[in-house]
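Reader: Hello! I am new to this structure and would love a close look at one part of it. Could you walk me through how its helices pack against each other?

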Amino acid sequence: MTPAAYDGSVAFTLEDLPIRDDLRGQSPYGAPQKHVRVQLNVNENTHPVPDDVADDIVASIRQALATVNRYPDREFTELRQSLADYLGHDLSAEQLWAANGSNEVLQQLLQAFGGPGRSVLGFPPTYSMHSILASGTGTTWIPAQRDDEFRISPETVVAAIEQHQPDIVFLCGPNNPTGTPLQIETIEAAYAATDGIVMVDEAYAEFMPDDAPSALTLLPGRERLVVSRTMSKAFAFAGARVGYMAAHPAVVDAVRLVRLPYHLSVLTQAAAVAALRHAPEMLAMVDDIKQQRDRMVTELRAMGYRTYETWSNFVLFGGVADPHAAFESLLERDVIVRDLGIPNHLRVSAGTEEETTAFLDAMRQVAAEQPPVRVGA
Ligand SMILES: Cc1ncc(COP(=O)(O)O)c(C=O)c1O
């Protein structure tokens, strides 16, 4: 017997519930999940995990299942050591912390250092979850202005910190959704201007130029600096949900106060440790993805669109006369991109060579339907 669908005729919504006042009228994170042939909307790595790595991960999970009747290692010691080894920079396991995606790491940080009566400063347009996590933890989100081309100069970050005196500063480098590099000097200036926590979200770090310094280089001597990373992007592990941070061990002690006990399952830990054993192979596609990203930039420009410097695995492009219509038109051609509500702009993730070609071909047809318009400088 098929279960009856919920009777939608009952006109009762979440607004009728005794929900927290500050959550009324809010929208959940909502990147559309559609089954489309060319999925370039959430900055995933579109290359699957290589077969031999998958075999090793499965063998590790099989072994972990032997202990699944017990709670997992609450401190995920082996995983933290593997992450420290992967990152280098003389980091030790005590400085590493992981959770189910870097979203959860950021949530734990806000639970420990934010909360009612506290604030977090961010620089939109930036990763939409930063403000959503602030709202979920009752932390006041303070949006500050960026400079031209979505950059943040040291002067700009210091002025915003002095004006707003936030408890936490969220920086994102490279920034999502713009791809903009984050200068190391901006991070240094932000840290010097506040007594609060400075969190640098480096979800796309592996796509930066090889000689670009990471915020990890700034960790020594900066006890309030946190660098967040993820296995979701360059590591092709989005579905496994593994994100992590590097910071002073005292910051790790702080998030331990708010984490759920045993938050990382034994299966997640086993899968992540196994994947990290194959880091070079897991990251083998990064160069290929960067090439496709650069190809998108060149060809979109040739079509008359405006692009921005990007150090990530996606491209924000402007000059789209009607982004909503362009999004729908691409969807009809089995290509999904992201419409973030930035006027005249769309964002597209770099795909495989074939996916990138499909996107560019579809975009040429969109450009014929609605010729690019001039935006900004
Ligand atoms: C800047 C940024 N940070 C964090 C995340 C979340 O990553 P995770 O899958 O590790 O939760 C994303 C995902 O798109 C992102 O763009």
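Author: Happy to help; what follows looks at two pairs of packed helices and then turns briefly to the ligand. Please keep in mind that this is a predicted model. Two packed helices are described by the angle between their axes and the distance between the axes.

Let us start with helix H5, residues 154-164, and helix H6, residues 184-193. Their axes come within 8 Å and cross at roughly 25°. H5 is therefore roughly parallel to H6, since angles under 35 degrees count that way. The crossing of these two helices is right-handed. On the H5 side, the residues in contact are Pro154, Val157, Val158 and Ile161, and they meet Glu185, Thr186, Ala189, Ala190 and Ala193 of H6. Sorted by class, this contact has seven nonpolar residues, one polar and one charged.

Now to the second pair, helix H1 (residues 51-65) and helix H8 (residues 266-277), which pack at about 145° with axes 8 Å apart. Here too, the crossing of H1 and H8 is right-handed. H1 brings Asp56, Ile57, Ser60, Ile61, Ala64 and Leu65 to the contact. Facing them in H8 are Val266, Leu267, Ala270, Ala271, Ala274, Ala275 and Arg277. By class, the contact of H1 with H8 has ten nonpolar, one polar and two charged residues.

Finally, a glance at the ligand. There are 13 residues around the ligand, and Ser102, Asp201, Tyr204, Thr230 and Ser232 come nearest. A backbone N or O atom of Ser102 is 2.6 Å from a ligand oxygen atom, while an N or O atom in the side chain of Asp201 lies 2.7 Å from a nitrogen atom of the ligand.

Methods: Residues are numbered from 1 along each chain as its sequence is written. This is a predicted model: local features need pLDDT of at least 70, side-chain atom pairs count only at pLDDT 80 or more; totals for chains, interfaces and linings use all residues. Side-chain values use heavy atoms; hydrogens and water are left out. Axes are lines fitted to C-alpha atoms, for helices over the stretch in contact, and angles run from 0 to 180 degrees between N-to-C directions. Helices (H or I, at least four residues) and strands (E, at least two) are DSSP runs, numbered from the N terminus. Angles under 35 degrees count as roughly parallel, over 145 as roughly antiparallel, 65 to 115 as roughly perpendicular and the rest as oblique. A crossing is left-handed if the near helix is turned anticlockwise from the far one by less than a right angle, and right-handed if clockwise. Contact means heavy atoms within 4.5 Å. Ala, Val, Leu, Ile, Met, Phe, Trp, Tyr, Cys and Pro count as nonpolar, Asp, Glu, Lys and Arg as charged, and the others, Gly among them, as polar. A residue is near a molecule or strand if one of its heavy atoms lies within 4 Å of it. A polar contact is a pair of N or O atoms within 3.5 Å; within protein, one must be able to donate a hydrogen and the other to accept it, and residues adjacent in sequence count only if both atoms are side-chain atoms.
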